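Morning, everyone. I have one structure to show you, and I will talk about its sheets. Please have a look at it first.

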Amino acid sequence: MRFDASTLGACGLLLMVATAAAQPQDFVEARLRLVSTTTPLVGLGFLNGKKAEGLVIPTDMFSAEVIYRGPARLQLIELTTSVSPGEVPPKDDDEKPAPKSPTRGVKGRDQVLAFKPIEGRPPVAWIDLPTKQGTLQLILLVTPGKNNGILALPDASGSFPPGSNRYLNLCAFPLIVRTPAGPQVVPPGGSKVFRPGAKETEYYDLQVLSGEGESQRPLFSGRVFHLESVRKLYLLLPLGSSGRVAVRDIVDRPPGPRKTPGVSTKGPPGGK
């Protein structure tokens, strides 16, 4: 059967219309890195389409990148694990080894361990992501129990490169961040990204101050080791009503080289 160009064009147009109609208006695609501001979070995740995606959200480093495709309202939910029925184990344990424990999210020889939402539980945290902006790149700070529980920071390519630091001021007053590159004012609720002006593998002085001019008051001082391959997110947190500030650094290191199982780069003893 042959089709002319007009027929193929009409079919293509119908396919595009059908795809657009099948996709909800609030559909979002995002590349996410997550950080917990409280304690390491496990047993949480979100629905990626119809599949539950499990997460491990650390406190001192960024999580692995997660691709999210779903409704604009991203909800972190509690998950449990379910094991699908596997093969019946052999009666004679001497003939075959016992089945190995399943690896999370990986299909084994005998059973599969998968994530499943816990029914009836409200979301632990949520956020409404912007729509119609292409693929989003975000850092999500997760604080369960505080407002909606998630604060999003834009992380577009090149905006927060390796070798730079990002200072997020969570205080109700402006702060001055001083490095060898000079002082930078970070407004309340805002953030700034800049390089510290230090050389590779050298220490530099980091100071956080409040006030202006002669009324400046030091709130934090420390020595920081600089690596051009690492970027750091600094959370500047208020310590109650004391006017003092706590400083937390969260490190994002580049992924290490992949290792091929069973392959060694070392030669045999004696150089043979």
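One open sheet here has four strands, in the order S13-S10-S16-S17, and its pairing is mixed. Keep in mind that this is a predicted model. Which strands stand at the edges? They are strand S13, residues 191–194, and strand S17, residues 245–252. Each of these has a single partner strand, so one side of each is left without a neighbour in the sheet. On average, neighbouring strands of this sheet are turned by 20° against each other, direction ignored.

For the first-years, a general point: strands of a sheet pair through backbone hydrogen bonds, and the pairing is either parallel or antiparallel.

Now to one pair in that sheet. Strand S10 covers residues 165–169 and strand S16 covers residues 231–238; the two pair in the parallel sense, over five bridges. If you want a place to look, find tyrosine 167, which stands opposite tyrosine 234 in S16.

Next, the other sheet on my list. Four strands form an open sheet in the order S12-S11-S14-S15, and here the pairing is antiparallel. Its edge strands are S12, residues 182–186, and S15, residues 217–225, and each of them pairs on one side only. From one strand to the next, the twist averages 20°.

How many bridges join S11 and S12? Five, in the antiparallel sense, with S11 running over residues 175–179. Again there is a residue pair to look for: valine 177 has glutamine 184, in S12, as its bridge partner.

That is what I have. Thank you.

Methods: Residues numbered from 1 in each chain as written. Predicted model: local features only at pLDDT ≥ 70, side-chain atom pairs only at ≥ 80, totals over all residues. Heavy atoms only, no water. Pairing = 2+ DSSP bridges. Axes fitted to C-alpha atoms, helices over the stretch in contact; angles between N-to-C directions.
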